[in-house]
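User: I am new to this structure and would like to learn how to read its features. Where should we begin?

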Amino acid sequence: MTGALSPRISALSLNLKRRMDLSHRFSRQELNLLYEEVLYTIVHRLGTPEPDHVADADELYEYTQKAFSMEPEEHHIILQRVQKFEKPIFCLKVTVKQAKGILGKDVSGFSDPYCLLGIESKRQEPSGDSSTLQENKKRLKAVVKDLIPEDQIHRTQVINQTLNPVWNETFMLEFDDETNSSFHLDMWDMDAVESVRHKLGELTDLHGLKRIFKDARKDKGQDDFLGNVVLRLHELHCRNDHWYNLEPRTETYPDRGQCHLQFLLTHKKRSTSLSKTQPSYTVHRHLLQQMVFYEILQHQAGSTAWDGDLSKHASTILYLHAAQKDLSDFHQVMVQWLAYSKLYQSLEFNSSCLLHQITSIEYQWVQERLRPEQREELAESFQTLLAYGLSVLRKYRIVFPLSSARSTHRLQSLLRVLLQVCKMKAFQELCNLTPSLRQMVMDALKSGTTEWFAMQKHHLKPIVKTMEEHGKALARLLVEVNGDLQQCHKIWNKFFINTVKVDLFSIAYMELQELVSHHVKEELSEIDSGMSHLTAENLFQLYLSLKELYRMRGFLSKRDGPLALTDFHQWFKEAIPKWLQKTYTIALERTQRAIQVDKLTPLGELTKHSTSTVDLSTCYAQIVKTWQQLDWPDPEEAFMIMVKFVEDMCKIALTYCKLIKTRAEELSRNQEDEGDAANRLCIVVNNVEQLRLLILKLPAQLDWGRMEQQLGGIVEPEQIQHTLHNQLQGTVTCLDHEIRDVVQTLANKLDAGISRHIQELAASSDSRDPEDSVIPLMKFLELELQYMNQHLVQENFNCLLDLLWNHILSVLTAAAKQQFSSSRYYRKLQFALQSLELCFHAEGCGLPTNALHTAEFMDLEKELELRSAPSRTLIQQYFNERIREQLEIDSEKYGAVTIKALYRPSEQKLRIEVLNAVNLIPLDSNGSSDPFVQLTLEPRHMFPEVVARTTQCQKNELHPLFDEAFEFLVPPEKCQQDGACLLLTVFDYDTVGANDLEGEAFFPLCDVPGLTGEEEVADAGRVPQTRLPLMHPKPTGDPILKLLESRKGDKEAQAFVKLRKQRAKQSKESV
């Protein structure tokens, strides 16, 4: 229960206490008579006290005096009066139950036992001499008929032919003085007069024959003694139920079996007024009520709950009274039920105390034991308790508050009591239960729920009747309703279902959702669209509570038809614009305040953005939470709400970018330290990057995928793309642009330093080691990039690296375009490029390889590789290019030449057979040519000792057949070097002037068979022919040739370029 209801609970508790005080208060006269009855019971107490009872009479008087609130003088007066009353007739109620293991006295081995019993009341002599003791011993051994007058002797029936007789006979034996009285019981075997013939017919063994001889010596008709039991009355308890050994008169046959006896020391003709005027069980019930009433008050005074156990004083008095009034166990149980069930309705104690009485009544129930007025009284107690229990269940929320630790146990005990009462045979025979207990509990819970809701509604009714107060009251009411239903579901429901098969939650939910729907619609009808922001906020809380209430319908066991809450969201359509505007305004204002106090310093060592991003993230999280809380059921309307949310978040993002840059300018305006300004720029770009990440997470956080599924067939995908995705992407693009601008500003601050160091590197002496030349540049970058890495998040740092890398490539490209004849100049630039690549890659922690290896980088790398290479390396590369070109050519527009090539490892000789040429172009005026082939091993610096060879000239042939072989003495390793090839040049022989070029072909020496050392391949007959298309050099000029030509001081380079230029002049290739 909430704190608001505590006054009501207190008032109810006070009323219960008042009712408790009045419902079981006897009048003074009734109390005096009842008190008289108790004192009479104590004064005339019989028997030895039970071990757990109070033996001292004064203690019992003291307890009784407190229980009845008697003053000492009043107690003394009543006690004296009671002591003058005529004492009752003392009685010993004896029940002879059965015996077992008795002696068999008949010839058949069995006996015909019966018992004689009575009380000997002779006063014992006080003398203690041996003769007196011997006399007493003899009296204990004496038979009943010798000690007790015949008119005071009681006799049981004879049970024929058994050793384990069962009697179950009860006798009432009166006595005057329990101190000097003894109970005597003799067991005898009845002997009828029988003929010897009949006895011989029953003979079974030798013992039987002995019995016949023994009977012959007896007088005819004399019974046999089987044993006796002698007990002193003052040694008995009020109630006794034991097996007693049958004692012999002589030592013959000491083991004579046992007898089961029950004793009750009781009264007859009690002199008290109540005993004379009221039934015994009624008097006992009133006495029990008074005792229990006092016990409960004692526990309440000690702030403890009574568990149903009486104190030993009360137990002793009630035990004595029940025994003296000879109340049966069943009547005692019924008395306890009548007293406890009535007290339970006004006093607070554990209802499980009633379960014992219910079980006992059920076990002992026989309707014929009760008189008509007792049956009516018992039936009334059942019906009264049932009505009271249902009234308590109706108010269970108040009567069993969860603030009390034992409330759940008390409710469960009450339900079990009600269930057990209705299942009792006594209840079913005495009462007509219509409707069933389950239906009555359901009706009580339903009406109780309605009453509770009305009470809550009245309690939360606003004093000032404004729209704001109405909205606040509705929201509070729904909080109470939801809290109650959650308690029903989580705590109470299981007790009702397990005990009485009643679904409390379903009953409460169906009733409350109906009441809530009616009340909320009625209240909302008075709130118009011109509501204040406070009213709208209260209505949002109300909407969330209704949503939670509607969600709990999933806990219903079954539901027939729609709920009254169905489509409850439609009640709040007019409030949606207010909710959205409120959400946007709160987020924007918080963002603005966060920027105003942002010092643009990192939050911590591992965090590289400032405080405003934390607030911004919280604002976005709150907007996302609002969307999730709203969870608008209508897909189309939800889409429009989503559009507004996204639009607002994008506005906040762009506003943040503008304001955070302005804030950085304000903080840097009055400071000249460029380092601090750079720091702030780093924080700004980090903040914007953080914002960009927040924006990119929105589709997942707002669950666009689920919304798009719900919009299938309602809104076109193009509209969703246009209104949501494009808007979000546009914002991300703007943020990327902002990030790029700020990072570009940072990069611009470094560009000048980078350019200066590269220029100094290029201007350094060529004789200086490249590693030494690049050190200043690398130190500069290491210092600056380390600083930026500390202040930028990884994404922005990579963006900065990308910008700087592009700038470096442009500066190095410009330096590489400078024309210098020395390759060492370009080797410095090449080494710088390689060092910078490693620096910017940073072993995978910087820019990825694909970001470094741009087209500009690849061109520059190739350019520097060429320019830094030695001339001979360039010549080798030139021939590599020609070999590659030879392999790629697929036309023979200049003809082709066919050769066979073979290397003999044992001789280290390269054998070349020039077989023929075909489809040569006519170069003479007669339409033909005079071709011959020149063979050279290139590059010349690799084969300086090998001279060129030529074939015979074939006159007037365009398809000449040469069929000539040439051998070159060259080691195999030279043939396998990079660029090593056989240059086949076909000329047209001219008598006057220079020979004309028919074409040239390049054959790589590394492909010559036998070069790997396999002798079996060196068979000329098995070498395949190779057909090489003829090519003409391109007249535009090769880049390698141009580079070699620029090296004016290199004679070898100049000679090579001159030779190739001569060939290029004769080329038939178009420019």
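Analyst: Begin with burial: a residue counts as buried under 20% relative accessible area, as exposed over 50%, and as partly exposed in between. The model here is a predicted one.

User: With that scale, is Asp223 buried or exposed?

Analyst: Asp223 has a relative accessibility of 19%, so it counts as buried. Its place is the loop that runs between α8 (206–217) and β6 (224–232).

User: Which residues does Asp223 touch, leaving out those up to four places away in sequence?

Analyst: Asp223 touches Tyr114, Trp188, Asp189, Met190 and Asp191. With Tyr114 there is a polar contact between the two side chains, at 2.5 Å. A polar atom of the Asp223 side chain also lies 2.9 Å from the backbone nitrogen of Asp191.

User: How do I read separation along the chain against separation in space?

Analyst: Take two pairs. Asp223 and Leu79 are 144 residues apart along the chain, and their C-alpha atoms are separated by 52 Å. Gln952 and Gln934 are 18 residues apart in sequence, with 9.7 Å from C-alpha to C-alpha.

User: Where is Gln952, and what is it in contact with, apart from its neighbours within four places in sequence?

Analyst: Gln952 sits in the loop between β12 and β13 (961–969). Leaving those neighbours aside, its contacts are Pro931, Phe932, Phe962 and Glu964. Gln952 is exposed, because its relative accessible area is 54%.

User: Let us try another loop residue. Is Ser764 buried or exposed?

Analyst: Ser764 counts as buried, because its relative accessibility is 13%. It is in the loop between α27 (717–763) and α28 (770–791). Not counting residues up to four places away in sequence, Ser764 touches Ser773 and Lys828. The side chains of Ser764 and Ser773 make a polar contact at 3.5 Å.

User: What should I look for in the backbone itself?

Analyst: Look for departures from the common pattern. Most residues other than glycine have a negative phi, and most peptide bonds are trans.

User: Which peptide bond is cis?

Analyst: One case is the bond from Glu938 to Pro939, which is cis with omega near -10 degrees. Pro939 is found in the loop between β11 (931–938) and β12 (949–950).

User: And what is the phi of Lys501 and of Asp703?

Analyst: Lys501 is not a glycine, yet its phi is positive, at about 60 degrees. Asp703, also not a glycine, has a positive phi of about 55 degrees.

User: Where do Lys501 and Asp703 lie?

Analyst: Lys501 is in the loop between α19 (467–500) and α20 (504–524), while Asp703 lies in the loop between α25 (674–701) and α26 (704–710). Lys501 is exposed because its relative accessible area is 54%. Asp703 is partly exposed because its value is 35%.

User: Now the helices. How do I read the angle between two of them?

Analyst: Angles under 35 degrees count as roughly parallel and those over 145 as roughly antiparallel. Helix α33 (residues 871–888) and helix α36 (residues 1051–1065) pack at about 25 degrees, with axes 9 Å apart. So α33 is roughly parallel to α36. The crossing of α33 past α36 is left-handed.

User: Which residues of α33 and α36 meet?

Analyst: On the α33 side they are Ser871, Arg872, Ile875, Tyr878 and Phe879, and on the α36 side Glu1052, Ala1053, Phe1056 and Arg1060. Sorted by class, this contact has five nonpolar, one polar and three charged residues.

User: At what angle do α18 and α19 cross?

Analyst: Helix α18 (residues 437–459) and α19 cross at roughly 165 degrees, and their axes come within 13 Å. The two helices are therefore roughly antiparallel to each other. Their crossing is right-handed.

User: Which residues make up the contact of α18 with α19, and how many of each class are there?

Analyst: From α18 come Leu437, Arg438, Val441, Leu445, Trp452, Phe453, Gln456 and Lys457, which meet Leu477, Glu480, Val481, Asp484, Phe496 and Val500 of α19. By class, the contact of α18 with α19 has nine nonpolar, one polar and four charged residues.

Technical notes:
Residues numbered from 1 in each chain as written. Predicted model: local features only at pLDDT ≥ 70, side-chain atom pairs only at ≥ 80, totals over all residues. Heavy atoms only, no water. Axes fitted to C-alpha atoms, helices over the stretch in contact; angles between N-to-C directions. Parallel < 35°, antiparallel > 145°, perpendicular 65-115°, else oblique. Left-handed = near helix turned anticlockwise from the far one by under 90°. Contact = heavy atoms within 4.5 Å. Nonpolar A, V, L, I, M, F, W, Y, C, P; charged D, E, K, R; others polar. Buried < 20%, exposed > 50% of the residue type's maximum accessible area, 1.4 Å probe, protein only. Polar contact = N/O pair within 3.5 Å; in protein donor to acceptor, adjacent residues only side chain to side chain.
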